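Good morning, everyone, and thank you for making time for this. Please look at the sequence and the structure for a moment before I begin, and then we will go through some of the details together.

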Amino acid sequence: MNTVKKNILSAENLSIGYHQKKDQKVIANEMNLAIQEGSFTAVIGQNGIGKSTLLRTLSNVQKPLEGTVFINQKPSNAFSHQELAKTISLVLTERIPESQLTVFELVALGRQPYTNWIDRLSNDDLEKIQWAIEKTNLEALQDRLFYELSDGQLQRVLIARALAQDTQIIILDEPTAHLDMHQTITIFELLHQLTLTTQKTILISTHEINLATKMCDELILLSENKIYSGTTASLIAQNAFETLFTSEIVKFNRTLEQFVITKN
């Protein structure tokens with residue numbers, strides 16, 4: 001049986017950054033990336049290195065300065081807004097506007113690309129919503145108002161909304177920001193299990209490097225001078241982790257495959 005997976009999301013000669021009046025602020029350039037379908041991939045790197053900008057560019061929220069992003073081998077700029085909404089779901093770090101939405105209603109917003117002009121939910125929509133709620137273990141919370149939830153519970157709701165959107169690719173920017181250790185591990189485990197049980201491709205940015213090295217299928221490591229991508233083992237072989245921090249306090253332990261605090 002052929003088990004070779006195709007590249008579902010890729011970039012060629014990609015430059016990312018911003019336009020500032022008449023100038024461009026380039027954050028990273030000449031990036032070549034390939035993400036396999038059904039994988040759990042993390043983008044890691046120091047603050048300000050461009051992790052969020054990369055995710056926004058890959059999801060077509062932000063235009064590249066140069067180069068091309070491909071989704072299923074098709075240039076992302078060739079997708080209509082509707083096509084893109086049925087292919088990629090995006091969970092950013094922005095706060096949700098105040099409202100009286102319940103958990104169920106917030107998850108149901110993921111069906112907007114499919115609902116008719118009066119936003120009536122079909123039986124298929126309802127089945128997808130309930131499936132997403134069950135996959136994220138939110139059955140007991142679905143009638144709660146979303147602002148009554150803990151940060152960890154709300155993050156699960158946002159993941160459920162992305163699942164309800166039923167896209168091939170789910171992109172999450174810092175999904176464990178502001179969560180405690182237990183909640184962070186729970187979210188990582190949930191995302192890992194979702195790739196196994198749904199075959200969806202999940203791409204996140206994260207500062208939780210030690211969890212990413214253990215739980216993600218592949219990593220994209222952004223450093224000042226080079227972009228590395230591959231499994232944890234392949235990045236260790238390339239000495240990639242040594243480029244992340246210059247501090248003598250934190251070192252990468254190749255045996256443990258983890259960053260550790262050194263003692264004088």
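Is Glu83 buried, partly exposed or exposed? Glu83 counts as partly exposed, because its relative accessibility is 36%, and the limits we use call a residue buried under 20% and exposed over 50%. Before I go further, I should say that this is a predicted model, so please keep that in mind throughout.

Let me stay with Glu83 a little longer, since its side chain meets that of Lys74 in a salt bridge, with 3.8 Å from N to O. Lys74 has a relative accessibility of 29%, and therefore counts as partly exposed. As general background, side chains of opposite charge can pair when their charged atoms come close. When the whole structure is searched for such pairs, nine salt bridges are found, and I would like to show you some of them.

Here is another one, in which Asp166 is joined to Lys128, and the closest N and O atoms are 3.0 Å apart. What makes this pair worth a careful look is that it links distant parts of the chain, with Asp166 in the loop between helix H5 (151-164) and strand E7 (169-173), and Lys128 in helix H4 (residues 123-135), 38 residues apart. Asp166, at 26% relative accessibility, counts as partly exposed, and Lys128, with a relative accessible area of 25%, is partly exposed too.

Next come Glu257 and Lys214, whose side chains meet in a salt bridge at 4.0 Å, again from N to O. Which parts of the chain does this pair tie together? Glu257 lies in the loop between strand E11 (250-253) and strand E12 (258-261), while Lys214 is in helix H7 (residues 209-215), so the pair ties together parts that are 43 residues apart in sequence. Glu257 counts as partly exposed at 26% relative accessibility, and Lys214 is partly exposed as well, with a relative accessible area of 48%. I will also mention Arg111, Asp124 and Asp125, which are linked in a network of salt bridges.

Let us turn now to the strands. Strand E1 (residues 7-20) and strand E2 (residues 23-36) run antiparallel and are joined by 10 bridges, and if you look for Ile16, you will find that its bridge partner in E2 is Ala28. The hairpin of E1 and E2 has two residues between the strands, and in that hairpin Lys21 takes a positive phi near 55°. E1 also pairs with strand E4 (residues 66-71), in the antiparallel sense and over five bridges, and there Ser10 stands opposite Phe70 in E4.

If you follow the chain on from E2, you come to Ser39, which has its place in the loop between E2 and strand E3 (40-45). Ser39 counts as buried, because its relative accessibility is 6%, and a polar atom of its side chain lies 2.7 Å from the backbone oxygen of Gln36.

Now for the pockets. How much space lies in the largest pocket? The answer is about 760 Å³, and of the 27 residues that line this pocket, the closest to its centre are Ser89, Leu90, Val91, Arg161 and Gln165. The elements that give two or more residues to this lining are helix H2 (81-85), strand E6 (88-91) and H5. Sorted by class, the lining of the largest pocket has 15 nonpolar, nine polar and three charged residues.

The second largest pocket holds about 540 Å³ of space. Its lining is made of 21 residues, of which Thr93, Glu94, Arg95, Asp151 and Leu154 lie nearest its centre, and H5 gives the most to this lining, with four residues. By class, we find 11 nonpolar, four polar and six charged residues in the lining of the second largest pocket.

I will finish with Thr197, which has its place in helix H6 (residues 181-198). Thr197 has a relative accessible area of 45%, and therefore is partly exposed. Thr197 and Lys135 are 62 residues apart in sequence, and their C-alpha atoms are 9.2 Å apart in space. Thank you for listening.

Technical notes
Residues numbered from 1 in each chain as written. Predicted model: local features only at pLDDT ≥ 70, side-chain atom pairs only at ≥ 80, totals over all residues. Heavy atoms only, no water. Buried < 20%, exposed > 50% of the residue type's maximum accessible area, 1.4 Å probe, protein only. Pairing = 2+ DSSP bridges. 1 Å grid on protein atoms, 1.4 Å probe; cavity = no way out; pocket = protein on both sides within 12 Å on 5 of 7 lines; lining within 4 Å. Points joined across faces, edges and corners; volume = space filled by probe spheres on them. Nonpolar A, V, L, I, M, F, W, Y, C, P; charged D, E, K, R; others polar. Polar contact = N/O pair within 3.5 Å; in protein donor to acceptor, adjacent residues only side chain to side chain.
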